[in-house]
Amino acid sequence: MKTRVAPAVVILGQNSIAVARQIINILPGAKLYGLASRTCDVDVSFTSFGDTLRELFAAGTPIIGICAAGILIRTLAPLITDKSQEPPVLAVAEDGSAVVPLLGGLSGVNELARQIAEALNIQAAITTTGDLRFRTALLSPPPGYHLANPEDAKKFIADLLAGAKVKLVGTAPWLSESNLPIDDNGELTIQVTEKEVIPQPDCLVYHPAKIAIAITSPSTQTLTQIHELLADAQVSPKAVAVILAPLYLAANPILQNIAKIFQVPTRFFQASQLTEFTTQGYSFHEAVVFVGTEPNNKSLCSPFSQITLTVSPQIIHPETIGQPQGKLAIIGTGPGASKWMSPEVKEILNAATDLVGYKTYINLIGALADGKNIHESDNREEEARAKMALDLAAEGRYVAVVSSGDPGIYAMATAVFEVIDRYNQPEWHTIDIQVAPGISAMQATAAAIGAPLGHDFCVISLSDILKPWEIIAQRITTAAQGDFVIAFYNPVSKERTWQLAEAKNILLQYRKADTPVILGWNLGRPGQAVKVITLEQLEPIEADMRTLIIVGSSQTRKIETSEQDIRVYTPRRYNS
């Protein structure tokens, strides 16, 4: 079976956006790459077309260039050495009038070209003789089939083109419904079987993905036992389509390693799905087998009570069985501007099925939210939001919890882990959780004015909703005594103004009145502004909840070349 990698759609100008969006809409997970100086509203901006294209090609990413075919070929020419390893590369006309497959004949480029051409309502410019004549690509079988001996395919196809007939042994609709010269007396043979066989001369062997492996108690011996079962049954490992297991094993590293070795997905079943069978007297393992396979599947004899191999009469489509391991990504989108959003975060947003977050933050990601299940909530409903995200992920969804700035700084990453720690929910422990960092408000504010965080600094929230003011005041005092630069989050709200005034009073006991103070508003968003004042001038009226305040240390300096150009920095070394 081929592993499908999401393509990169590469454009060099804004005029190509419309066609690019048409293509992306039919290719799940595809990313739009755009030349930074000539495009906007793309997933990934690049400055070097050549370097970007070669990096994508070397990584095995299918490339759809909405540009001239010649520039793609010339750019990739130094890397074109092994056609068995190259990913699909296609050129698409800017107006969508032509789709030309260029490279990747062994990795499905013609199939991809036809898919794109159908979406654009045109005919793909396919020139592969065998593909045109037989309406199938023997070297690039569809998902669910693995070619066991590709090294024999070149001569095989040449013989077909020279007029040889082919006998089909086994069942495969993509072959029987093609234009292949099928004849029971053919001198060539195509064999479709899940059995491990040694290909004979003039024979291509395809292994259909018809084997499901149910595992309920993985151990260090499980992989060896599976190979023993396959060998005893003379079944090829390439015929394995899916691993089946109870949901509580979703995070089990042994199970994950087995799936990785066989290069197949694992599908899981919740306890409620298995109860129907266990209440009828079946064992837990039998319940997994019954709920995960069709009634007419045949189980292979197994001496291992926790492993069962079943053979389906049809190709197994794993996405129709059970659920995948749930994923939860807690992401930081940065201050707001798309250019400050990391490639990792954009990749997660492209792949996620569900977005959970405060409405304002979800609105900031723009088109990256299109087509997703959106779950909005009020800014203060953090615990409820975390629970919802975890419950959705436990159902097998890919959930992104959206925070602005960095999710680990006064944001949702901590809220999610607090909820996991506080409530005993076993299904939450089956989820694959990651935290994707973002540019924080203090970093954005500091960068906009210079380098005020160039030496030791600390971060303090002035909100006393989750901690008493006494602790906040103690921390401000300690930070002031230690001569730290201080970044203040949540300085003022409608109901809370006096804390900033109190913080100023504490600081003036240890800092000079002319200490530089930077205020940053809406960094990366409409209404962005940065202002430099002195500590003495700092008043609650200057700030709100969208303001980030940085108070300099005794060493922080201001450089003022003109009224419009003021820079603030904190030296890396102290003067004696």
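Which residue of E19 does Gly332 stand opposite? Keep that one in mind; the tour gets there shortly.

**Before you click**

This is a predicted model, in which local features need pLDDT of at least 70 and side-chain atom pairs count only at pLDDT 80 or more, while totals for chains, interfaces and linings use all residues. Residues are numbered from 1 along each chain as its sequence is written, and side-chain values use heavy atoms, with hydrogens and water left out.

**Stop 1: the whole protein**

Show the C-alpha trace first: along its principal axes it spans about 100 × 65 × 45 Å. Switch to cartoon and you have 18 helices and 28 strands. Helices (H or I, at least four residues) and strands (E, at least two) are DSSP runs, numbered from the N terminus.

Now colour by accessibility. Of the 576 residues, 50% are buried; buried means under 20% relative accessible area, exposed over 50%, and partly exposed in between (1.4 Å probe, protein chains only). The protein exposes about 27600 Å², and carbon and sulfur atoms supply 50% of that. Those areas come from the Shrake-Rupley method with a 1.4 Å probe, and for residues only the protein chains shown count as cover.

If you like contact maps, take pairs at least 6 apart in sequence: 63% of those contacts join residues at least 24 apart, with contact meaning heavy atoms within 4.5 Å. For charges, there are 46 positive and 57 negative side chains, and the centres of the two sets lie 5 Å apart. Lys and Arg count as positive and Asp and Glu as negative, with His and the chain ends not counted. Each charge is placed at NZ of Lys, CZ of Arg, CG of Asp or CD of Glu.

**Stop 2: strand E16**

Select 327-332. Five of the six residues in strand E16 are buried, so the rest of the structure largely encloses it. Add 398-403, which is strand E19: it runs parallel to E16, joined by six bridges. Here is the opening pair: Gly332 stands opposite Ser403.

Next add 432-436, strand E20, which also pairs with E16 in the parallel sense, over five bridges. Ala329 faces Gln434 in this pairing. Two strands count as paired if DSSP finds at least two bridges between them.

**Stop 3: a five-stranded sheet**

Move to the open sheet ordered E13-E12-E11-E15-E14, which has mixed pairing. Its edge strands are E13 and E14 (298-299), each pairing on one side only. Zoom in on E11 and E15 (307-311), which pair in the antiparallel sense over five bridges. Label Ile215 and its bridge partner, Ile307 in E15.

**Stop 4: helices H9 and H8**

Select 253-262 for helix H9 and show Leu255, Ile258, Ala259 and Phe262, which are buried. Look down the axis: the buried residues fall within an arc of 95°, so they line one face of H9. That arc is taken from the directions from the helix axis to the C-beta atoms. Turned away from this side are the exposed Pro253 and Lys260. The buried residues of H9 pack against E11 (211-215), H8, E12 and E13 (266-269).

Helix H8 (222-232) is up next. Its buried residues include Thr222, Gln225, Ile226, Leu229 and Leu230. Down the axis of H8 they fall within an arc of 140°, so they too line one face of the helix. Exposed Ala231 and Asp232 sit on the face turned away from the buried side. Covering the buried residues of H8 are, among others, E11, E12, H9 and E15.

**Stop 5: two positive phi values**

Most residues other than glycine have a negative phi. Just after H8, though, Gln234 takes a positive phi of about 55°. Gln234 lies in the loop between H8 and strand E12 (240-246), and it is exposed, with a relative accessible area of 52%.

Now jump to Asn121, where phi is near 60°, again positive in a residue other than glycine. Asn121 is in the loop between helix H4 (109-120) and helix H5 (129-134). Is Asn121 buried or exposed? At 72% relative accessibility, it counts as exposed.

**Last stop: a three-stranded sheet**

Select the open sheet E21-E28-E27, where the pairing is mixed. E21 (450-451) and E27 (557-560) stand at the edges with a single partner strand each, so one side of each is left without a neighbour in the sheet. E21 pairs with E28 (566-569) in the parallel sense over two bridges, and Ala451 stands opposite Tyr569.
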